[in-house]
Structure formats: C-alpha cells, structure tokens
Amino acid sequence: MNTNFAPTPGPCAAPDRAEINRANAEHSTGPKTDEGKKRSALNSLRHGLTGQLMVLSNEELAAYKRHCEVFVKKHRPADEYEMRLVQLLADTSWRIMRVPAIEANILALGSKTYVGGEEGDLRVNLSTAVEFRNQVKALSNITLYEQRLTRQLERTLEQLRVVQSERRKQPEKQQVASPNGFVFSALNYLTDQHC
C-alpha cells in the first residue's frame, strides 16, 4: 500500500487573516514607557534612503544646500536637463553619506553610555555586538540601499558626462539680433554657402 499521498483539502476553510489582524489590533494599546512613546513618535521619520522627500532639520537643510552647491560648481549644468541630473547626483550622494550614520544609530540603540576604564569599553562593545545580532535584517537592508544608491550615482554621473560631452561637441551658433527683430547667425557667410 502506498502511504505517500497528499491529503485532499477538507471542508475547513483557512481563517480570514484580515479578521485575525483586526482582532489582535484591538488588544494593542501602544507604547507605555516614555522611551517607547518617544521612539513611536519618530515612526513617520524613516531612514531617508528611499523616499521621494527628505525630511531635514534646519541644520541639515543648510548642510544639504551647501552640498548641492558643490555639485553645481563642479558640474556646471548648462540647461534644465543637466541641472536635474546634477541635482539627482547631489541627492543620491547625500543619501549615501547618511548610511554610516544610520548604521551607527542602529547599533547605538542597544548601547548605554558607560563611564570608566576597560570594563565600560567591554560593556559598550558587547552591547554593540548584541545589537548587531538583533538588527541583522535592518543592517542588511541598509547595505542593499547603499548598493542601489551607489549604482544609481554611477549611472547618473555617466549620463551627465555623455550629455555634457555631446553638448561640448556641438558648434555653438551665436545669434545676433538686429534692431528690426531679425536674428542673424554670427558665423561667416562663406561657411554657410555650398560652393
């Protein structure tokens, strides 16, 4: 007799997952401690690596504007399209620069400030190691975001280089407006004729 067979589905239906979630949510009352409430209040502020908008403090905004100015000075965009590419470079670079701080903050969640000698250092190191173990998924996600952002930065930089190279290869036709409104080319008349 063959005992390796798949059971046939019976008349029992799987429970409605949405209904179970609603029932569980009724038991949740949110954070109880002041620390938990403070952490919960920041839930809407994410890591800032993937969002369309960046939420910045006044100090961060000033630093971000200086950061963008460096990219504009370096790449000197000639038109709106180039400016958008330069802005994308600056934004992507800003996000990549945030990664180490985010990783440090994740690891610092489990650490307390210890004062005093080697024992304090050991406690900090151990708590950091424990938090690393506890936050492996979050740290792995941050690493994935960093890799994606780095590839995006490289692609955007290459695209900007191509666009600017093509623009520089094109001969600039300077146009001179006459008093009556007609526009004349500043190029030599003989070079425009086909003799």
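**A walk through the predicted model from Thr156**

The side chain of T156 reaches the backbone oxygen of Q152 at 2.8 Å. This distance, like every other value discussed here, belongs to a predicted model. T156 is found in helix α6, and a relative accessible area of 4% puts this residue well below the 20% cut-off, so T156 counts as buried. Its contacts, once neighbours within four places in sequence are set aside, are L85, L88 and L89.

One of these partners, L89, offers a way into the interior. L89 lies in helix α4, and because its relative accessibility is 2%, L89 counts as buried. Beyond its neighbours within four places in sequence, L89 is in contact with F71, H75, L153, T156, L157 and L160. For the pair L89 and L160, the separation is 71 residues in sequence, while the C-alpha atoms are 9.2 Å apart in space.

L89 and L160 also belong to the largest nonpolar core, which has 10 residues in all. The other members are Y64, C68, F71, L85, V86, A90, W94 and V163. Three helices each supply at least two residues of this core: α3 (58-75), α4 (80-108) and α6 (136-169). Which helix gives the most to this core? That helix is α4, with 5 residues. As a further member of the core, C68 is in contact with Q87 and A90 when its neighbours within four places in sequence are left aside. Apart from this core lies another, of 7 residues, and V99, I102, I106 and Y145 are among them.

The aromatic residues of the largest core deserve separate attention. The structure holds 1 aromatic pair. Its geometry follows from two quantities: the ring centres of Y64 and W94 are 5.4 Å apart and the ring planes stand at 80 degrees, so the pair is edge-to-face. The angle matters here because planes over 60 degrees apart count as edge-to-face. This pair links distant parts of the chain, with Y64 in helix α3 and W94 in helix α4, 30 residues apart. Both Y64 and W94 are buried.

Returning to α6, the next residue to consider is Q164, whose place is in that helix. Q164 is buried, because its relative accessible area is 6%. Its side chain makes a polar contact with the side chain of E82, at 3.2 Å. Not counting residues up to four places away in sequence, Q164 touches H75, R76, P77 and E82.

Among these partners, R76 is found in the loop between α3 and α4. Is R76 buried or exposed? With a relative accessibility of 61%, above the 50% cut-off, R76 counts as exposed. Its backbone is also notable: R76 has a positive phi of about 40 degrees although it is not a glycine. Most residues other than glycine have a negative phi.

The wider architecture can now be set around these sites. The secondary structure of the protein comes to 7 helices and 2 strands. Read from the N terminus, the elements run α-α-α-α-α-α-β-β-α. Of the 195 residues in the protein, 17% are buried. The accessible surface comes to about 16000 Å², and carbon and sulfur atoms hold 55% of it. Among contacts with a separation of 6 or more, 62% join residues 24 or more positions apart.

Confidence in the prediction varies along the chain. The mean pLDDT of the protein is 74, and 58% of its residues reach 70 or more. Among the elements, α3 has the highest mean pLDDT, 92, whereas strand β1 (residues 175-177) has the lowest, 47. Over residues 188-195 the pLDDT is below 50, and beyond near neighbours in sequence this stretch has 1 contact in the model. By comparison, α3, the element with the highest mean pLDDT, is also the helix that holds Y64 of the aromatic pair.

Conventions:
Residues are numbered from 1 along each chain as its sequence is written. Side-chain values use heavy atoms; hydrogens and water are left out. Helices (H or I, at least four residues) and strands (E, at least two) are DSSP runs, numbered from the N terminus. Buried means under 20% relative accessible area, exposed over 50%, partly exposed in between (1.4 Å probe, protein chains only). Contact means heavy atoms within 4.5 Å. Accessible areas come from the Shrake-Rupley method with a 1.4 Å probe; for residues, only the protein chains shown count as cover. A nonpolar core is a set of buried Ala, Val, Leu, Ile, Met, Phe, Trp, Tyr and Cys residues joined through side-chain atoms within 4.5 Å. A polar contact is a pair of N or O atoms within 3.5 Å; within protein, one must be able to donate a hydrogen and the other to accept it, and residues adjacent in sequence count only if both atoms are side-chain atoms. pLDDT is the predictor's confidence in each residue, from 0 to 100. Rings of Phe, Tyr and Trp (its six-membered ring) pair if their centres lie within 6.5 Å; planes under 30 degrees apart count as stacked, over 60 as edge-to-face and the rest as tilted.
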